[in-house]
Amino acid sequence: MNNWLKTLVGISLLSCSYNSLALSICHDSFNPKLKITKGRPSSNGFDAAKLALVDKIIESDVAHGFPGAELLVMHNGVVVRHTAYGYKKLYDMHGQKLTKPQRMQCNTEFDLASNTKMYATNYALMHLVYQNKINLESPISYYIPEYIGCDSNNHCRDKITVKQLLTHTSGYMADAKFFDPEFMANYGDGLYSQESNLTKQIILTKLPFMQEIESTPNYSDIDFMLLGILVERVTGINLAEYVQDNIYQPLGLTHTFFNPLQHGLAVRQCAATELNGNTRNGVINFPNIRTQTIQCQVHDEKAYYSMAGVSGHAGLFSTAHDMAILTQLMLDNGSMVGHQFWGESTTQLFTTPLDSNDSYALGWRLAGDKDRYKYLGNQTDSHAFGHTGWIGTVTVIDPKHQLVIILLTNKKHTPIKSGKFTGDKYDTGKYYPVIDAVYQAMID
């Protein structure tokens, strides 16, 4: 066990049993106050032999070039499967396999990408709504007075509510590349920024909308960047500090934070991501672009270059162990270790599907029925919820079955061919084959 893992004593004790070249079985021990335990699949609602077939899917992918993954399955608060596969760093920046790749270890630190939206920003908002410090129907300008005025198409900020940002119906573009002056010049003057305070000012006062307020969701990172700013204005402190002090620390989480290198982690403790910085194999270029393999820094360009690593849409890092606690918190309706972060009514409010698209709720993505969100699985209960992260992460929380599935991968740590990351083509990188296999292993 690495020395850094030993610091988790009292919160968790972790070790690995290496069964093969590609798979490591993780042994977790949680703080008893969390009421999360470790158990055998056969004693907790699973056919052990069928559940082991999940390993075959991921191991096969690793054998054919997929870098690595970590899977945690929890049923009724019992972790029945926690395994690590492959490598956290497999390729060099030229796409060649390393002679000494860095093996994936139990509770490697992963870039959560858009799962940040849920386990940082949404959790902060759920806590603040429960405390009656934020009203979802209120306009953003009620909390941020300078968020006013209209763009050239007479789309006015004054009309945008907290709920519209949470449901991705505000009308913002999906991806404003603030860090790229050429890209942002297409949308107006003064929109380029690689400095956090300036980026926030642009979002609040200058960034144009792409369309009118919509009745159906149009997924946008900007919505959650603005929601992160909202949390900071309401609380008076940085988003990272707020969730650390009010959620992560009370839960005893020791490896969930933004900017992991600022928290004493070594680069080798994180799963690597893109091989050539943010260049997409040398195709993309903009000021200050990273060109070396990214490891222990947030991959997302807006979060890294324009928000100093802390943003409402991306930037959070965590481990499978800590994610088990964060996901169980939703099943426990915001109550854990003697703290009431929110109540059952808040959970229901944030996870009720939209009439216009039942794969969307307030921030959360739902498996859905008529608007199936396949990344959460084809056999998942329609009211199960969770989120994905572009870099290679997915979380599934299923209240009907009291089931949690956490799949953390570094699928973007792969060569690019024909403009696409090869990691996306594998079953593990598609998520749902692994999730479906877990459901197929359930006895009920």
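This passage walks through the cores, the disulfides, one loop residue and one helix pair of a predicted model.

The inside of the protein is a good place to start. The largest nonpolar core takes in 85 residues, and Y123 and W364 have the most contacts inside it. Helix α3, covering residues 116-130, supplies the largest share of this core, with 9 residues. Y123 itself has quite a list of partners: setting aside neighbours within four places in sequence, Y123 is in contact with M118, I247, L326, T327, L329, M330, W342 and W364. So the two residues with the most contacts inside the core, Y123 and W364, also touch each other, going by the contacts of Y123. There is a second core as well, separate from the other, with 35 residues that include L71, I405, V434 and A441.

Next come the cysteines. The model has 3 disulfides by the distance rule applied here. One of them joins C26 to C106, with an S to S distance of 2.4 Å. The torsion about the S-S bond of this pair is about -95 degrees, which makes the disulfide left-handed. C26 sits in strand β2 (residues 23-27), while C106 sits in the loop between β6 (97-103) and β7 (110-111), so the bond ties together parts that lie 80 residues apart in sequence. Both ends are tucked away: C26 counts as buried at 0% relative accessibility, and C106 counts as buried at 1%.

Another disulfide is formed by C150 and C156, whose sulfur atoms are 1.9 Å apart. Here the torsion about the S-S bond is about 90 degrees, so this disulfide is right-handed. The two ends of the pair fall into separate classes of exposure. C150 counts as partly exposed, at 39% relative accessibility, whereas C156 is buried, with a relative accessible area of 10%.

The remaining pair is C270 and C296, again with an S to S distance of 1.9 Å. The torsion about the S-S bond of C270 and C296 is about 50 degrees, so this disulfide is right-handed. C270 and C296 are 26 residues apart, and each lies in the loop between β8 (257-258) and α10 (301-306). C270 is buried, at a relative accessible area of 0%, and C296 is buried too, at 2%.

That loop between β8 and α10 is also home to I284. With a relative accessible area of 32%, I284 is partly exposed. Leaving out residues up to four places away in sequence, I284 touches N278, T279 and I289.

Last up is a pair of helices. Two packed helices are described by the angle and the distance between their axes. For helix α7 (residues 196-205) and helix α8 (residues 221-235), the axes come within 11 Å and cross at roughly 105 degrees. Angles of 65 to 115 degrees count as roughly perpendicular, and α7 is therefore roughly perpendicular to α8. On the α7 side, the meeting residues are T199, K200, I203 and L204, and on the α8 side they are M225, L226, I229, E232 and R233. Sorted by class, this contact has 5 nonpolar, 1 polar and 3 charged residues.

Terms used. Residues are numbered from 1 along each chain as its sequence is written. This is a predicted model: local features need pLDDT of at least 70, side-chain atom pairs count only at pLDDT 80 or more; totals for chains, interfaces and linings use all residues. Side-chain values use heavy atoms; hydrogens and water are left out. Axes are lines fitted to C-alpha atoms, for helices over the stretch in contact, and angles run from 0 to 180 degrees between N-to-C directions. Helices (H or I, at least four residues) and strands (E, at least two) are DSSP runs, numbered from the N terminus. Angles under 35 degrees count as roughly parallel, over 145 as roughly antiparallel, 65 to 115 as roughly perpendicular and the rest as oblique. Contact means heavy atoms within 4.5 Å. Ala, Val, Leu, Ile, Met, Phe, Trp, Tyr, Cys and Pro count as nonpolar, Asp, Glu, Lys and Arg as charged, and the others, Gly among them, as polar. A nonpolar core is a set of buried Ala, Val, Leu, Ile, Met, Phe, Trp, Tyr and Cys residues joined through side-chain atoms within 4.5 Å. Buried means under 20% relative accessible area, exposed over 50%, partly exposed in between (1.4 Å probe, protein chains only). A disulfide is a pair of cysteine sulfur atoms within 2.5 Å.
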